[in-house]
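Trainee: Could you go through this one with me? I'd like to know what stands behind the labels people put on residues.
Mentor: Sure, have a look at it and then ask away.

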Amino acid sequence: MKGQTMNKSLGKKRIKFEVRWEKLGEQVKYYRLGRDLLQKDLAEMVGTTVNTISRLEIGAIGCSLEMLLSLCEALQVSPDALLSGNYNMLYSPYYEHFCEMKGVIQEHLTASLQEFFENLPEKKKEREAEEQPPRS
């Protein structure tokens, strides 16, 4: 699979960069083998199939941002290490983009958690009402 140009909207700013899926696949395999993991092990860790990991490693398919972050967590590497083999984030061509994505993801997570905790008292009352036996 050839490189794919991706346009992502991060707030008001749009970024454009090319993802080389073959490079990503090479790096996934490199780090997987370095951690003595089978494709099956990695697939279980990131919640996908062995076939997906196999196809990803040969560059036949790409992956979503969520999958990329799951792979990074499982392999204990930065997204940049998988995307370009660059081991120093400060010199990465993607550094600025990852910082922006991190900020956007953090904002969404904060808003979701705030909404969850604001609705918690209502949910508790609903649960208590459901648990009470019906009145005769």
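Mentor: Let's start with the cut-offs: under 20% relative accessible area is buried, over 50% is exposed, and anything in between is partly exposed. Keep in mind that this is a predicted model.

Trainee: Okay, then why is tyrosine 30 called exposed?
Mentor: Its relative accessibility is 52%. The label needs over 50%, so tyrosine 30 counts as exposed.

Trainee: And what makes tyrosine 31 buried or exposed?
Mentor: Tyrosine 31 comes out at 8%. Buried means under 20%, so tyrosine 31 is buried.

Trainee: How many aromatic pairs does the structure hold?
Mentor: Two. Tyrosine 30 and tyrosine 31 make one of them, with ring centres 5.1 Å apart and planes at 85 degrees.

Trainee: Why is that tyrosine pair called edge-to-face?
Mentor: Two checks. Ring centres have to lie within 6.5 Å, and planes over 60 degrees apart count as edge-to-face. With 5.1 Å and 85 degrees, tyrosine 30 and tyrosine 31 pass both, so the pair is edge-to-face. Phenylalanine 116 and phenylalanine 117 also form an edge-to-face pair, at 5.1 Å centre to centre and 80 degrees between the planes.

Trainee: What labels do phenylalanine 116 and phenylalanine 117 get for accessibility?
Mentor: Phenylalanine 116 is at 46%, so it counts as partly exposed. Phenylalanine 117, at 53%, counts as exposed.

Trainee: Which residues form the nonpolar patch on the surface?
Mentor: Those two phenylalanines, Phe116 and Phe117, along with Leu109, Leu113 and Leu120. Together they have about 490 Å² of accessible area.

Trainee: What makes leucine 120 accessible enough for a patch?
Mentor: A patch residue needs over 30% relative accessible area. Leucine 120 has 34%, so it clears that cut-off while counting as partly exposed. Leucine 120 lies in helix H6, residues 95-131.

Trainee: Now the cysteines. How do you know that cysteine 72 is not bonded to cysteine 63?
Mentor: The call rests on the sulfur distance. A disulfide needs two sulfurs within 2.5 Å. The sulfur of cysteine 72 is 8.5 Å from the closest cysteine sulfur, that of cysteine 63, so they are too far apart for a bond. The structure holds zero disulfides.

Trainee: Are cysteine 63 and cysteine 72 buried or exposed?
Mentor: Cysteine 63 is at 17%, so it counts as buried. Cysteine 72, at 5%, is buried too. Cysteine 72 sits in helix H4, residues 65-75, and its C-alpha is 7.6 Å from that of leucine 82, 10 residues apart along the chain.

Trainee: Why is glutamate 57 called buried?
Mentor: Its relative accessibility is 8%, and the label needs under 20%, so glutamate 57 is buried. Glutamate 57 belongs to helix H3, residues 50-57.

Trainee: What makes its link to glutamine 39 a polar contact?
Mentor: The side chains of glutamate 57 and glutamine 39 come to 2.9 Å, and the limit is 3.5 Å.

Trainee: Last one: which loop holds glutamine 76, and why is glutamine 76 called exposed?
Mentor: Glutamine 76 is in the loop between H4 and helix H5 (79-84). Its relative accessible area is 63%, and over 50% is what the label asks for, so glutamine 76 is exposed. Glutamine 76 also has a positive phi of about 60 degrees, although it is not a glycine.

Technical notes
Residues numbered from 1 in each chain as written. Predicted model: local features only at pLDDT ≥ 70, side-chain atom pairs only at ≥ 80, totals over all residues. Heavy atoms only, no water. Patch = residues over 30% accessible without salt bridge, like charges linked within 9 Å, V, L, I, M, F, W, Y side chains within 5 Å. Areas by Shrake-Rupley, 256 points an atom, 1.4 Å probe, with all protein chains shown as cover. Salt bridge = Lys/Arg side-chain N within 4 Å of Asp/Glu carboxyl O. Helix = DSSP H or I, 4+ residues; strand = E, 2+ residues; numbered from the N terminus. Buried < 20%, exposed > 50% of the residue type's maximum accessible area, 1.4 Å probe, protein only. Phe/Tyr/Trp six-rings, centres within 6.5 Å; stacked < 30°, edge-to-face > 60°. Polar contact = N/O pair within 3.5 Å; in protein donor to acceptor, adjacent residues only side chain to side chain.
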